[in-house]
Amino acid sequence: MVLCVCALASARADEQFYLCELGFQAGCGYYAGDATPHIFNHPREAYGLFYRYKFTRRWAIQAKVSGQRITGNDFTIRGEKLDTKWQTQLINADVTAEFNFFRFGSSGNYDARIRPYTPYIFIGLGVGMYNGEWWMPGSEKHGVQATAYVPLGVGFKWKFSEHCGMNVAWQHNIYMADNIECRDALDNKHQLNGWNWMNCDVTGMLTVGLMVEFAPAPKACRICNW
């Protein structure tokens, strides 16, 4: 009996579940709004830091601070392209809930349902700050502005060691504003600002992230150490 218990404890030792993650992500950002209706036009750098707390192997919550620079061309009301260009730096902070499609963890676990990879989806709330005057001298002065936004997207996680992993994520940010271009000709030109999400500016990021796990979950059995 003792041998059976010890063998089971040894097998379950590989199933250590870590509650927290810290990570860094970087990749490509884009903008879709009055100046361009298409994603991935004028792609620019995007980067961020994130913290993830895992309730279970499927459910987690993530807090993230990210930055991205958006650029584009002005358009007239008739949609004719002009030569003038603009750029805005955004700093975003959001909290999202995540759902893993598979039970996520290290490979070689006693539980065959646990996999070292999983696709996942997420949605949440965030606040973005932006000011085009910082980055384009001579443009209209709007001052620092802030707006709420809804971050949502899909991703894929892969855990390649006991404490380390990576993920690829595509995040879509729907802002509750129509003025992130910081250009008078483009800001709320149809006077439909506010909670009319059909008239909102949108940004997004396609990033690759690296993460490190820590804070092991309490053991289920103090005597057997598992």
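Me: Helices (H or I, at least four residues) and strands (E, at least two) are DSSP runs, numbered from the N terminus. With that in hand, what pattern does the chain follow, read along the sequence?
Reply: This is a predicted model, so keep that in mind throughout. Its secondary structure comes to one helix and 10 strands. Put in sequence order, those elements give the pattern α-β-β-β-β-β-β-β-β-β-β.

Me: What share of the residues in the chain is buried?
Reply: A residue needs under 20% relative accessible area to count as buried. The chain has 226 residues, and the buried part of them comes to 43%.

Me: And what share of the contacts with a separation of 6 or more comes from residues 24 or more positions apart?
Reply: Start with the contacts in the chain that have a separation of 6 or more. Then keep those whose residues are 24 or more positions apart, and you are left with 66%.

Me: Which residue forms a salt bridge with Lys54?
Reply: The cut-off for a salt bridge is 4 Å between the nitrogen and the carboxyl oxygen, and here the closest N and O atoms are 2.5 Å apart. Lys54 is in strand E2 (residues 44-54) and its partner is in strand E10 (residues 202-216), so the two are distant parts of the chain, 159 residues apart. Both ends of the pair are buried. The partner is Glu213.

Me: Which residue pairs with Asp94 in a salt bridge?
Reply: Asp94 is in strand E4 (residues 81-100), and its partner is in strand E3 (residues 59-75), 30 residues apart. Both side chains are buried. The closest N and O atoms are 2.9 Å apart, and the partner is Lys64.

Me: Which side chain does Glu98 meet in a salt bridge?
Reply: The N to O distance is 2.9 Å. Glu98 lies in strand E4 and its partner in strand E8 (residues 145-159), so the pair ties together parts that are 59 residues apart in sequence. Both residues are buried, and the one that meets Glu98 is Lys157.

Me: Which residues do salt bridges that share partners join into one network?
Reply: You have met some of the members already, including Lys54 and Glu98. Linking salt bridges through shared partners gives one network: Glu21, Arg52, Lys54, Glu98, Lys157, Lys159 and Glu213.

Me: Lys157 also lies over the face of a ring, so which residue has that ring?
Reply: The cut-off for a charge over a ring is 6 Å from the ring centre. Lys157 is at 4.6 Å from the centre, and the ring belongs to Tyr120.

Me: Are the rings of Phe102 and Tyr117 stacked or edge-to-face?
Reply: Planes under 30 degrees apart count as stacked, and over 60 as edge-to-face. Phe102 lies in the loop between E4 and strand E5 (103-104) and Tyr117 in strand E7 (residues 117-131), so the pair ties together parts that are 15 residues apart in sequence. The ring centres are 6.1 Å apart and the planes are at 85°, so the pair is edge-to-face.

Me: Which residue has its charged end over the ring of Phe102?
Reply: Phe102 counts as partly exposed because its relative accessibility is 25%. The charged end over its ring sits 4.3 Å from the centre and belongs to Arg115.

Me: How many residues does the largest nonpolar core have?
Reply: Among its members are Tyr31, Ile70, Trp86 and Ile180. Tyr31 is in contact with residues including Ile70, Trp86 and Ile180. Listing the whole core, with Leu90, Tyr130, Tyr149, Tyr175, Ala177 and Cys182 as well, the number of residues is 10.

Me: How many disulfides does the structure hold?
Reply: A disulfide is a covalent bond between the sulfur atoms of two cysteines. There are cysteines here, including Cys20, which is buried at 8% relative accessible area, and Cys164, which is partly exposed at 27%. Still, the number of disulfides in the structure is zero.

Conventions:
Residues numbered from 1 in each chain as written. Predicted model: local features only at pLDDT ≥ 70, side-chain atom pairs only at ≥ 80, totals over all residues. Heavy atoms only, no water. Buried < 20%, exposed > 50% of the residue type's maximum accessible area, 1.4 Å probe, protein only. Core = buried A, V, L, I, M, F, W, Y, C linked by side-chain atoms within 4.5 Å. Contact = heavy atoms within 4.5 Å. Phe/Tyr/Trp six-rings, centres within 6.5 Å; stacked < 30°, edge-to-face > 60°. Lys NZ or Arg CZ within 6 Å of the ring centre and 35° of its normal. Disulfide = S-S within 2.5 Å. Lists of a residue's contacts leave out its neighbours within four places in sequence.
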